[in-house]
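Reader: I have a structure to go through and would like to work from its contacts outward. Please take the questions in turn.

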Amino acid sequence: MRLLAVLLAAAAMPAAAQIPTAPTRPADAAPPAASWLKLEDVLKSVEQHYPPLLIAVQDRVIADADVTLAEGRFDLGLLSGYEGDYLGFYRNDVYRAEVKQATQFQGMSYFAGYQLGRGNYASYDGKLQTDSLGQYKTGARLPLFRDRAIDPRRAELQKALIGRRVADLGVELQRLVVIQMATRRYYDWLAAGRRNRAARDVLRIAEQRDQQLKEASDLGQIPRIDVTDNLRAILSRRATVVETERLLQLTAIELSLFYRDSGGDPVLPDPSLLPPDFPTMQAISEARLMDDIDLALRRRPEIQRFAAQRDQVEVDRRLARNQLMPNIDTQVAFVRETGERIVRRGPNDLIASIVFDLPYQRRQAKGRELAAQARIRQFDERERFARDAVTAEVRDAYSALITAYQRAQVVTEELDVTRQLEEAERVRFNLGDGNLFLVNLREQATFDTEIRQVSAVNEYFRALALYEFAIAEAMTRRP
C-alpha cells in the first residue's frame, strides 16, 4: 500500500518534490599520478637526509680514518741528528741522516742512511769516524720466524680493514631498519587517507540526501522522523570525519620524519599528495620461502657482521701465536766510505747479522691466544644463533604476510557484498518498500567494512615491509 501511495503522489507532483533518489557513493577526482607522493620518493629522501642514517654513515668515515691510521705505521720514516763532544780529550762531530721503510711483505723493512764523522775519536768510538765525504749505508731486515707471517703493524692494519667492513655492515643494518620504518609509516599515512576519504564519502551521501528528505517530508511523502534520523547520521558521520582527519594529521607528522626537503627539514605531506589507492597486492608462493631463507642468510648484515668480528679476533689469535715463536732476524747492509781516506775500513763493506730472541715462558702470548680462541668461539655461537634467529624471523614474516594477504582478500570480497546490500536497500527505500533507518544501517555497515578493508590491506603492506626487511631485500635496491 505504501509503495502504491508513493508512486501516485510522485506522479502528481513536480520532479523536485519527489522522493529523493539516494545518491551513490561519490568518487573524489584522483590527482594526476605525477603529483602523488610515492614510496620511492620517501625512501630517496631517507637515503639522502634522514639524520639517524647519516649518523650511522659517519661510522664508515671513522672506520676509514682507522684504516689510514693503521697504514700510517708503514709511512716512510726520516731520522736525522747531530752529536758533538766538546769538553773531553777527544773533540769530534757526528752528523747522521737515515730513512726507514717498513713493508707488508713478509715483515721485511728497508733502510738507507748517511753519516759524517769529523774530529778525533777514541778507539772504542772508531765506527763513528768516516772518510772525508762521509759514509753511505743501505740494507734490508727480514724476520725468519716471529713477525714473518704477521706482526703488530700488519695485524693492526688487517683489523682496521675488517673494521671498515664491520662499519659498512652496521650502516646497512641501520639502513634496512630505517627503510622498513619509513615504508610502514608511508602505508599508515596512505591508509589514514583512505579512511578519511571513506568517512567524507559516507557523510556526503547523508548531506546530499538531507534537503531532498526535508522537501519530501514537507509534502507528506515520508515521516518527519526520517529527516531527524538522517540528521543524526550526518552528525555522527561528521564526528567520524574529525577523527579520521586527526589520524591523517598524525600519520603525516610521523611520515615527515622520513620525508624531507633538499635542506634536510621535515616536510608535512599534504593530503592532496595521497595516491587514490594502495598498490596491487601480490600473492607469494610457499615454494619461495626456502629460497628466501637462503637469501636472508647470505644478505643479512648482522650475520656477516658477526663473521667479520670473528675475523678480527682471528687476527689477534694469529698475532698471539706469532709471539710464541722465536725471534730470529737477519739483516744485510752495504756500507761505502767516500772522500779522502781517513779510516782503515772499507771503502766498501757488506755487513750481515742475525739476532735471536726468545722469552722462555711466553705467558703473555699464551694468555692472548687463549683469550682470542675463547672470543672466536663466542662469535661462532653468536653467528649460529643469529642464523637461527633470521630463519625464524623469515618464517614468521612469511606467515604474517600470507595471513594478511588472505584476510585482505576476504575483507575485500565482504566489502563488495556489503556494497551490493547497501545499493539494494537504497532501491527498496526509493520504491517505498523500506525505510531510512535500514538504509543508514547498510551505509554504516559498508563504511565499517571499508575501514576494515583498508586496515587489512594496510596490514598486508606492513607485513610485506617486514618480510622484505627479514630477507634484506633493500640491499638489492640501492639508489
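Author: A salt bridge here is a side-chain nitrogen of Lys or Arg within 4 Å of a carboxyl oxygen of Asp or Glu. The structure is a predicted model.

Reader: How many salt bridges does a search of the whole structure find?

Author: Side chains of opposite charge can pair when their charged atoms come close. With the cut-off of 4 Å between nitrogen and oxygen, the search of the whole structure gives a count of 40.

Reader: Which helix holds Arg 164, and which holds Asp 64?

Author: The side chains of Arg 164 and Asp 64 form a salt bridge, with N to O at 3.4 Å. This pair links distant parts of the chain, 100 residues apart. Arg 164 is in helix H4 and Asp 64 is in helix H3, residues 51-71.

Reader: Is Asp 64 buried, partly exposed or exposed?

Author: Buried means under 20% relative accessible area and exposed means over 50%, with partly exposed in between. The relative accessibility of Asp 64 is 31%, so Asp 64 counts as partly exposed. For its partner Arg 164 the relative accessibility is 31%, so Arg 164 counts as partly exposed.

Reader: How many residues apart in sequence are the parts tied together by Arg 299 and Glu 473?

Author: Arg 299 and Glu 473 form a salt bridge whose closest N and O atoms are 3.1 Å apart. Arg 299 lies in helix H6, residues 288-299, and Glu 473 lies in the segment after H9, so the parts that this pair ties together are 174 residues apart.

Reader: Are Arg 299 and Glu 473 buried or exposed?

Author: The cut-off for a buried residue is under 20% relative accessible area. By that standard, Arg 299 and Glu 473 are both buried.

Reader: What separates Arg 426 and Glu 422 in helix H8?

Author: The side chains of Arg 426 and Glu 422 meet in a salt bridge, at 2.5 Å from N to O. Both residues are buried. Because they are four residues apart in helix H8, residues 363-430, the separation is about one helical turn.

Reader: Which residues are linked with Arg 426 and Glu 422 in a network of salt bridges?

Author: Arg 426 and Glu 422 belong to a network of salt bridges. Linked with them there are Arg 209, Arg 237, Glu 423 and Glu 443.

Reader: Is H4 roughly parallel or roughly antiparallel to H9?

Author: The axes of helix H4, residues 152-218, and helix H9, residues 436-470, come within 9 Å and cross at roughly 170°. Angles over 145 degrees count as roughly antiparallel. Therefore H4 is, relative to H9, roughly antiparallel.

Reader: How many nonpolar residues are in the contact of H4 with H9?

Author: The contact of H4 with H9 can be split by residue class. It has eight charged and six polar residues, and its nonpolar residues number 18.

Reader: What is the area of the nonpolar surface patch that includes Leu 87?

Author: Leu 87 is located in the loop between strand E1 (77-85) and strand E2 (92-102). Its relative accessibility is 86%, so Leu 87 counts as exposed. With Tyr 82, Tyr 86 and Tyr 95, Leu 87 makes a nonpolar surface patch of about 510 Å².

Reader: What is the phi of Gln 106?

Author: Most residues other than glycine have a negative phi. Gln 106 is found in the loop between E2 and strand E3 (109-119). With a relative accessible area of 29%, Gln 106 is partly exposed. Its phi is positive, near 55°.

Reader: Does Asp 147 count as buried or exposed, and what is its phi?

Author: Asp 147 is in the loop between strand E4 (134-143) and H4. Its relative accessibility is 18%, so Asp 147 counts as buried. Although Asp 147 is not a glycine, its phi is positive, about 75°.

Reader: How far apart in space are Lys 38 and Pro 275, C-alpha to C-alpha?

Author: Lys 38 is in the loop between helix H1 (2-12) and helix H2 (39-49). Its relative accessible area is 33%, so Lys 38 is partly exposed. Lys 38 and Pro 275 are 237 residues apart in sequence, and in space their C-alpha distance is 7.8 Å.

Methods:
Residues are numbered from 1 along each chain as its sequence is written. This is a predicted model: local features need pLDDT of at least 70, side-chain atom pairs count only at pLDDT 80 or more; totals for chains, interfaces and linings use all residues. Side-chain values use heavy atoms; hydrogens and water are left out. Patches are made of residues with over 30% relative accessible area and no salt bridge: like charges are joined within 9 Å, nonpolar side chains (Val, Leu, Ile, Met, Phe, Trp, Tyr) within 5 Å. Accessible areas come from the Shrake-Rupley method with a 1.4 Å probe; for residues, only the protein chains shown count as cover. Helices (H or I, at least four residues) and strands (E, at least two) are DSSP runs, numbered from the N terminus. Buried means under 20% relative accessible area, exposed over 50%, partly exposed in between (1.4 Å probe, protein chains only). Axes are lines fitted to C-alpha atoms, for helices over the stretch in contact, and angles run from 0 to 180 degrees between N-to-C directions. Angles under 35 degrees count as roughly parallel, over 145 as roughly antiparallel, 65 to 115 as roughly perpendicular and the rest as oblique. Ala, Val, Leu, Ile, Met, Phe, Trp, Tyr, Cys and Pro count as nonpolar, Asp, Glu, Lys and Arg as charged, and the others, Gly among them, as polar.
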